[in-house]
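Colleague: I'm new to reading models like this one. Could you pick a single part and take me through it slowly?

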Amino acid sequence: MTTKQDNNTSAEPVEGAEMLSGGDMLVRALQDAGVEYIFGYPGGSALHIYDAIFRQQKIEHILVRHEQAATHMADAYARVTGQAGVVLVTSGPGATNAITGIATAYMDSIPMVVISGQVPTSVIGTDAFQETDMVGVSRPVVKHSFLVRKAEDIPLAISQAFHIATTGRPGPVVVDVPKDTTDPDVLAPYVYPREVKLRSYSPASRGNGRQIRKAAAALLAAKRPIIYAGGGVIIGNGSEVLTRIARSLNYPVTNTLMGLGCFPGDDPQFIGMLGMHGTFEANMTMHNADLILAVGARFDDRVTNNPERFCPDATIIHIDVDPASISKIINADIPIVGQVTSVLEDLEQILDAQRQKNPEQPERKALEDWWRRIEEWRGAHGLNHQMTIEPDQPILPQMAIQKLYEVTGGDAYITSDVGQHQMFAAQYYKFAKPRRWVNSGGLGTMGFGLPAAMGVQFAYPDATVACVTGEGSFMMNMQELSTCLQYGLPIKIIALNNQALGMVKQWQDMQYGGRHSNSTYSDSLPDFKTLVEAFGHVGFKVTSAADLDPVMREAFSSKLKDKTVFVDVWVDPHEHVYPMAIKGGSMQDMYLSKITTSMQGDYM
Amino acid sequence: MRHIIAVLLENEAGALSRVVGLFAQRNYNIETLTVAPTEDPTLSRLTLTTFGDDGKIEQIMKHLYKIIEVVKVVDLSESEHVERELMLVKVRAEGAVREEVKRTADIFRGQIIDVTPTGYTVQLSGPSDKLDAFIRAVGKVSILEVVRSGVSGISRGEKVLTA
């Protein structure tokens, strides 16, 4: 290889610096970045790195069965710990298999560092075996990416990757490492830069004081306020201060799918998730509000419904660390760019001071009237599914989630896949704490749930971790059952089995005249109990409502504490998720059941 | 409305592809794009022109600024500025029209930089609409080939764009 001769001969020593190969530097840099786990899969271009991993003890490498699963594990690890998750894959198919997981993390702003092996520099661009332009392929779904040129660049690239991934609006960063730069025979001085300075990157920290004062005044003058809090509050560790502000003002709080848990889900001030499958009361409260405090939320199309008809009377305060999120979909009247905790703490101080000066604000009578209306909405169409069990009744998916809530004492880490079961979990599991609900909100990645649960269990080995899934999503990454056995991960998988791609089928029922194009496969489903037993785990199958309680209790019993358990819950295949936004309408336009809509009653 | 956006970015491999990729990815369009290193070799200066309402331009600016390698972004159209574009045109110039092409080039302060018995290559610089006007004046039938550099822009007065 000529390039190696030209560009990659061992570098000059630096005083006091150890001479290491690129492979060793990479692993050492990960150690210095505080990495605990690497989720990955070896292959040709990554072998020097894998050898370096073998020769050390500090970082544990978790061998997955498919690279996509590695990215979801790292992603979930990051979601529950707040630390960047780390992935290592080889070039070509290893790298492209990781793309779905990278895109998932990107859409949900999750810090992740993905190291991909690359073919040697000398053959880049020649269509070499297992060559893919990883920097190019991943470009639209990463916060940033690096292509390493020589061994001595590795520590800086890793240090910058962690800095960029974890600060500002977090996101995944790819470090593409050509094989020659990790050559064990080429040594260079190892220096890990603790301080990273980039002239072109300075994420927002404190919010503008004048804007925060304006926001405080608007909040205190509001008569029909609502706090709309999203995933940014969780990522930015702002849950505590948000909860203090909300409680002190006694304002209603709604959460986005990503924000669940940032305000206690069992608190009476919590009016449920908003948006496409949000509660009636959350969507009605939003639509009728005169002031919306949006924190770490991005007015996603699954929240706003038709932006033209979005909350006509509301003044909008929007706090976000990413200026590009502000006024992207809905114009913000009082935009505040800054780190959520810092902005909310400043806001809290001003609110407290203002209220001491003027105890008349916020106006008590107006707030009481507002709460009366909200309680009416909550009473009319809250989430209250029938829980009495008739002997031959099919299991309703909502009942299964409520049972899960009951047997876990509401204190489990819940991951989900994507579809009806995800919405049922979001609606019915009342998350009392942040970082307990792990799901692919933005990208909507089926196959996320199982590996995500595994990533959570690695982060917290003693915690109760349950994956709520559907049989469709589960089959997208079920090969990881093998990884569960290898590492003894006692996760509990609750599959709401409706023998169909439920959400697709629901849309086909509602919008395509009930034509179930390619959404059913009931004749060809595996017997999941036997399947998981073949993988060495414990399986249950529940088909009647009466068996739900005993089986769920057994699944979470101390007897099976150390086991991976799969509960195949056969649910009513005809059940739909409601409420559901009526396309093109405002937030108050909802289907409430198969036969009723919000327009039929007088709820204004 | 047409906007001229000036971007200072790290002169690194891959930085340009991120800028161009952003426009494709977010369904913004680029009308012209020109880029070269500055007097500081670690920085490149890029000028692009695009169309959009204020909301769209604001989003473009914010998203450009989010690219890690982007150091500064300025919408030159927001204030007084000078824009120039370079154009080379190969024109058919035979018989009676030969003299007329020469005269038109003179009127537009163009220079003839290559001559053959049947045609001229004319070099012109100026704002884009002046170059458009030259093409109209000569007439599409006479034009054999056009190459344009895309717009470069700089603000008037003492305002400067530096890292």
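Modeller: Here is a close look at one helix, followed by a sheet in the other chain.

First, some ground rules: this is a predicted model, where local features need pLDDT of at least 70, side-chain atom pairs count only at pLDDT 80 or more, and totals for chains, interfaces and linings use all residues. Residues are numbered from 1 along each chain as its sequence is written, while chains are lettered from A and ligands numbered from 1 in the order in which they are written.

Let's start with helix 13 of chain A, residues 340-357. Helices (H or I, at least four residues) and strands (E, at least two) are DSSP runs, numbered from the N terminus. Helix 13 of chain A has 18 residues and spans 26 Å from first C-alpha to last, close to the expected 26 Å at 1.5 Å a residue (the expected span is 1.5 Å times one less than the number of residues).

Which residues of helix 13 of chain A are buried? They are V340(A), V343(A), L344(A), D346(A), L347(A) and L351(A). Buried here means that 20 or more other C-beta atoms lie within 10 Å of the residue's own; exposed means 12 or fewer, partly exposed is in between, and C-beta atoms are placed from the backbone. Looking down the axis of helix 13 of chain A, you'd find its buried residues within an arc of 160°, so they line one face of the helix (the arc is that of the directions from the helix axis to the C-beta atoms). Turned away from that buried side are the exposed residues Q349(A), A353(A), Q356(A) and K357(A).

What do the buried residues of helix 13 of chain A pack against? Their partners include helix 8 (209-221), helix 10 (239-249) and strand 13 (315-320) of chain A. Contact means C-beta atoms, placed from the backbone, within 7 Å.

Now for chain B. Four of its strands form an open antiparallel sheet in the order 2-3-1-4, where two strands pair if DSSP finds at least two bridges between them. Strand 2 (32-37) and strand 4 (70-75) of chain B are the edges, each pairing on one side only. Helix 1 (residues 15-25) of chain B packs on this sheet, touching strand 1 (2-10), strand 2 and strand 3 of chain B. Six bridges join strand 2 of chain B to strand 3 (residues 43-51) of chain B, and L33(B) has L48(B) as its bridge partner in strand 3 of chain B.

Terms used
Contact = placed C-beta atoms within 7 Å. Axes fitted to C-alpha atoms, helices over the stretch in contact; angles between N-to-C directions.
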